[in-house]
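Trainee: I should like to learn how to read a structure of this kind. May we go through it one feature at a time?

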Amino acid sequence: MLIAKVVGNVVATKKNDTLTGYKLMVIQPMRADLTEDGCQKVAADYVGAGIGEYVLVGSGSSVRVEEQRKSSLIDMAIIGIIDEIVV
Amino acid sequence: MLIAKVVGNVVATKKNDTLTGYKLMVIQPMRADLTEDGCQKVAADYVGAGIGEYVLVGSGSSVRVEEQRKSSLIDMAIIGIIDEIVV
Amino acid sequence: MLIAKVVGNVVATKKNDTLTGYKLMVIQPMRADLTEDGCQKVAADYVGAGIGEYVLVGSGSSVRVEEQRKSSLIDMAIIGIIDEIVV
Amino acid sequence: MLIAKVVGNVVATKKNDTLTGYKLMVIQPMRADLTEDGCQKVAADYVGAGIGEYVLVGSGSSVRVEEQRKSSLIDMAIIGIIDEIVV
Amino acid sequence: MLIAKVVGNVVATKKNDTLTGYKLMVIQPMRADLTEDGCQKVAADYVGAGIGEYVLVGSGSSVRVEEQRKSSLIDMAIIGIIDEIVV
């Protein structure tokens, strides 16, 4: 999973039906010391994350293992909110 | 998902049968501030995107979750048209 | 999918049985302006591509969706020959 | 699989239910000569690894092949503890 | 698939059970001209490759398509020994 910061969201009216109902957040991948690393991506929010929060981001088929998401066209999702990184 | 800009399309007469009927668009991955990031790729268009539009691009097995696409040899697709990126 | 150029092929006598019968081509990923981008890879040829041709390259589980390939140990394949890139 | 060093862990109270019970470790990918290579990631610990240990890290659907993990939202896991790298 | 050179192996006594019986080789990804490209990884050996040999490396779910490997926690494997690269 990636460490990332939620930095915004995307508005997309015309989209694949299976994306309806998900908030699509812009996430910035981060290093463990909370410096930025690489390009922003868009992740579906599974946990109610807010702008500015540090989150865990899953990708690939892992984000569709739950029965209700098996047919969702999602390849990246926010799956946890990070309270603390201990390094 | 990637933020990308549709910058062109590819013509391929000789191709795997399962690609027939899909428009194959050239997409440029973008950062959230709409500067370019990385190499162009080719994505099947699922939503009727036009040249110059900013789009959401899904990849991997996510783009084949829908019944009618399960046997399509597609690993990247345009799955939404971005109206606005709020960062 | 990647835009790539076919630049050679690989001879491998000792290999997993499921690879038998496939031509294993060396492909060079390309940008849309046909400059090189990144390291060469090896892709199974599904469409009869020749050296020097520009091709579409699929990767991941997409290249095994067809019934006859479900048990083939292939993670990258040439799936179309590019006639033209319009950008 | 990646060679990595366990450098910390992540505390995330609010997370997808399927992650409950897993220790989420911060791992630093390494080269074979044990110099760092690339950004830290978060991996579920399957083997009881400790801070400072060198480990094998698997990713993608491989980390969910076991029956008890098929529905876990995990895309990266520590799957072995490295005793020695012989190069 | 990657072109790679086998440069060593990893000893891991404590590991996921499904890895038992596989030799875990350290591989160095290579360009077609046999110069190094990128970080070393660890791959399960499916073909009896030796140190110093050039090999084909598959990754992702492709390396688990065979019945006897469906439940193995492997995401990268040596699947062929390269006799010659013709470029």
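Mentor: Certainly. Please keep in mind that this is a predicted model. Let us begin with strand β5 of chain A, residues 76–81: six of its six residues are buried, so the strand is largely enclosed by the rest of the structure.

Trainee: Which way does strand β3 of chain A run relative to β5(A), and how many bridges join them?

Mentor: Strand β3, residues 41–45 of chain A, runs parallel to β5(A), and two bridges join the pair. A:Ala44 has A:Ala77 of β5(A) as its bridge partner.

Trainee: How many bridges join strand β4 of chain A to β5(A), and is the pairing parallel or antiparallel?

Mentor: Strand β4, residues 54–59, is joined to β5(A) by five bridges, and the two run antiparallel. Within β5(A), A:Gly80 is the residue opposite A:Leu56.

Trainee: Let us turn to the chains. How should one describe the relation between two copies?

Mentor: Two copies of a chain are related by a rotation about an axis and a shift along it. Here, a turn of 72° with a shift of 0.0 Å along the axis lays chain A on chain D, with an RMSD of 0.0 Å. The two copies are therefore related as by a five-fold rotation axis. They use different surfaces, for 3% of the contact residues of chain A recur in chain D.

Trainee: How many residues are in contact between chain A and chain D?

Mentor: Chain A contributes 29 residues, in contact with 30 residues of chain D. The area buried between these chains is about 2,200 Å², and carbon and sulfur atoms give 57% of it. The count of salt bridges between chain A and chain D is zero.

Trainee: Which chains do not touch chain A or chain B?

Mentor: Chain C does not touch chain A; their nearest C-alpha atoms are 11 Å apart. Likewise, chain E does not touch chain B, and the nearest C-alpha atoms of that pair are 11 Å apart.

Trainee: Finally, what is a disulfide, and how many does the whole structure contain?

Mentor: A disulfide is a covalent bond between the sulfur atoms of two cysteines. A search of the whole structure, over all chains, finds zero disulfides. D:Cys39 is in none, and the nearest cysteine sulfur, that of A:Cys39, is 14 Å away. For E:Cys39, the closest cysteine sulfur belongs to C:Cys39 and lies 14 Å off, too far for a bond.

Trainee: Are D:Cys39 and E:Cys39 buried or exposed?

Mentor: D:Cys39 is buried, because its relative accessible area is 12%. E:Cys39 is buried as well, with a relative accessible area of 10%.

Notes:
Residues numbered from 1 in each chain as written. Chains lettered and ligands numbered in written order. Predicted model: local features only at pLDDT ≥ 70, side-chain atom pairs only at ≥ 80, totals over all residues. Heavy atoms only, no water. Buried < 20%, exposed > 50% of the residue type's maximum accessible area, 1.4 Å probe, protein only. Helix = DSSP H or I, 4+ residues; strand = E, 2+ residues; numbered from the N terminus. Pairing = 2+ DSSP bridges. Least-squares fit on C-alpha atoms with pLDDT ≥ 70 in both. Contact = heavy atoms within 4.5 Å. Disulfide = S-S within 2.5 Å. Buried area = accessible area lost by both parts, 1.4 Å probe. Salt bridge = Lys/Arg side-chain N within 4 Å of Asp/Glu carboxyl O.
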